[in-house]
Amino acid sequence: MNPSGTGITITNHILEQQYASAGATGAFTHLLNEIVMAAKIINSETTKAGLVDILGSTGRRNVQGETVKKLDEFAHGLMVDRLYRSGHVAMLASEEDADPIDPPRDTKVGEYIVMFDPLDGSSNIDANVSIGTIFSILKRVSTGPECTMADFLQPGFKQVAAGYVLYGSSTMLVYSTGNGVSGFTLDPSVGEFLLSHPNITVPQRGKIVSANMGYWDYWDDNLKNYLRYLRAKTDTKPVYSLRYIGSMVADIHRTLLYGGIFLYPNDTKDPKKPWGKLRLLYECNPMGYLIEQAGGLADTGKGRVLEVEPTELHQRVPFIAGSREDVEEAIAFISGQRCE
Ligand code: FBP
């Protein structure tokens, strides 16, 4: 795959989608292009992070109770600025803010709701491990002068687009508008995201398991049975290899390309929060949408992630996603239908 060879830029690709959809106004194209621009600017900061004063924390804690990293704050501010600059956003929500983010005064607003995790995997930033930006786009549903929480608390299957940017050995932007999943690699020599991974399809079955095994003692027996099964070599399956980066974007990107299964299940680490760690609206729904668009499955252990009726902006859900056959097998074990 030679990005420069194809020469299809992400803007070309987005425009082709626009021409293909009847009644398109260009608003969506403009919005996606602002996300592309934000990705390029965040990339320029992450690649020189060790050289400029952008590593380390701000000393503040966000609504998740996590320490806010300087790059988190930078990426958050930039996404808010670029998205509202498009003039097509009704309202925004970010992992970094407890409440939806009002448009700046005198900003032209539009019909799109965007929720995002400005910098996912921020615990890995200072160690130069891959990190990412995740975004989910919905259409506004409320009709009054002001947006309401109903605009944000929509089930994942209502998304009109979703994607992520991976700041890794190379920087990639992977997105879907409901017609399959496409991956673009940033060619620094031309400053353009070029099509490098057309029509990404997750393999039906993989041989990689991705979960933070450090939490083993907090998982239930059905899940442990499944993971023991993956560790066993049988005539029909190899031993599954363990890969866990601890940045959801990087772990899901590998799962999309190589197949296998990524799990952040519910656990009893904190009995008050038995539902795992990952956030439904700006982590699990956009990633679940991409996995499904690529032919895989995304489940909570009790049903399709994209059918969860959201109740809170920052709610968390268990997340089990990847190759169709692997997720089906995992659910059979987790629900107790299988135990060997
Ligand atoms: P944020 O960094 O955006 O808060 O994301 C959460 C996250 O870092 C995910 O990227 C990753 O999958 C998970 O948490 C890792 O959690 P843990 O350290 O508990 O395995």
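## G121 and its loop

G121 sits in the loop that joins strand 4 to strand 5 (131-139). Keep in mind as you look around that this is a predicted model. Is G121 buried or exposed? Its relative accessibility is 12%, and because buried means under 20%, G121 counts as buried.

G121 also takes part in holding a partner: one of its polar backbone atoms is 2.9 Å from an oxygen atom of the ligand. In UniProt, an unreviewed entry gives the annotation "binding site" to D120, G121, S122, S123, N212, Y244 and K277.

## Around the ligand

Let's move on to the ligand itself. Which residues come nearest to it? Of the 18 residues around the ligand, these are N212, Y215, Y244, M248 and Y264. By type, the shell is made up of six nonpolar, five polar and seven charged residues.

Two side chains offer polar atoms to ligand oxygens. For E95, the distance from a polar side-chain atom to an oxygen atom of the ligand is 2.9 Å; for K277, it is 3.0 Å. On its own the ligand has 470 Å² of accessible area, and the protein covers 92% of this.

Where does the shell come from in the chain? Domain 1 (10-197) and domain 2 (208-334) each supply at least three of its residues. Strand 4 (residues 112-120) gives the most, with three residues.

## D117 and a second set of sites

Strand 4 is also home to D117. This residue is buried, as its relative accessible area is 0%.

The unreviewed UniProt entry places the feature "binding site" at D117, D120 and E283 as well. These residues span 167 residues in sequence, yet no two of their C-alpha atoms are more than 8.6 Å apart, so they gather at one spot.

## Helix 6

Now find helix 6, which covers residues 248-258. M248, already met as one of the residues that come nearest to the ligand, is among the buried residues of this helix. How much of helix 6 is buried? Nine of its eleven residues are, so the helix is largely enclosed by the rest of the structure.

The buried residues are M248, V249, A250, D251, I252, H253, R254, T255 and L256. After helix 6 comes G259, which has a positive phi, near 85°.

Conventions
Residues numbered from 1 in each chain as written. Predicted model: local features only at pLDDT ≥ 70, side-chain atom pairs only at ≥ 80, totals over all residues. Heavy atoms only, no water. Near = heavy atom within 4 Å. Polar contact = N/O pair within 3.5 Å; in protein donor to acceptor, adjacent residues only side chain to side chain. Areas by Shrake-Rupley, 256 points an atom, 1.4 Å probe, with all protein chains shown as cover. Helix = DSSP H or I, 4+ residues; strand = E, 2+ residues; numbered from the N terminus. Nonpolar A, V, L, I, M, F, W, Y, C, P; charged D, E, K, R; others polar. Domains from an automatic or database assignment. UniProt positions renumbered as here; feature names shortened; annotations may be inferred. Buried < 20%, exposed > 50% of the residue type's maximum accessible area, 1.4 Å probe, protein only.
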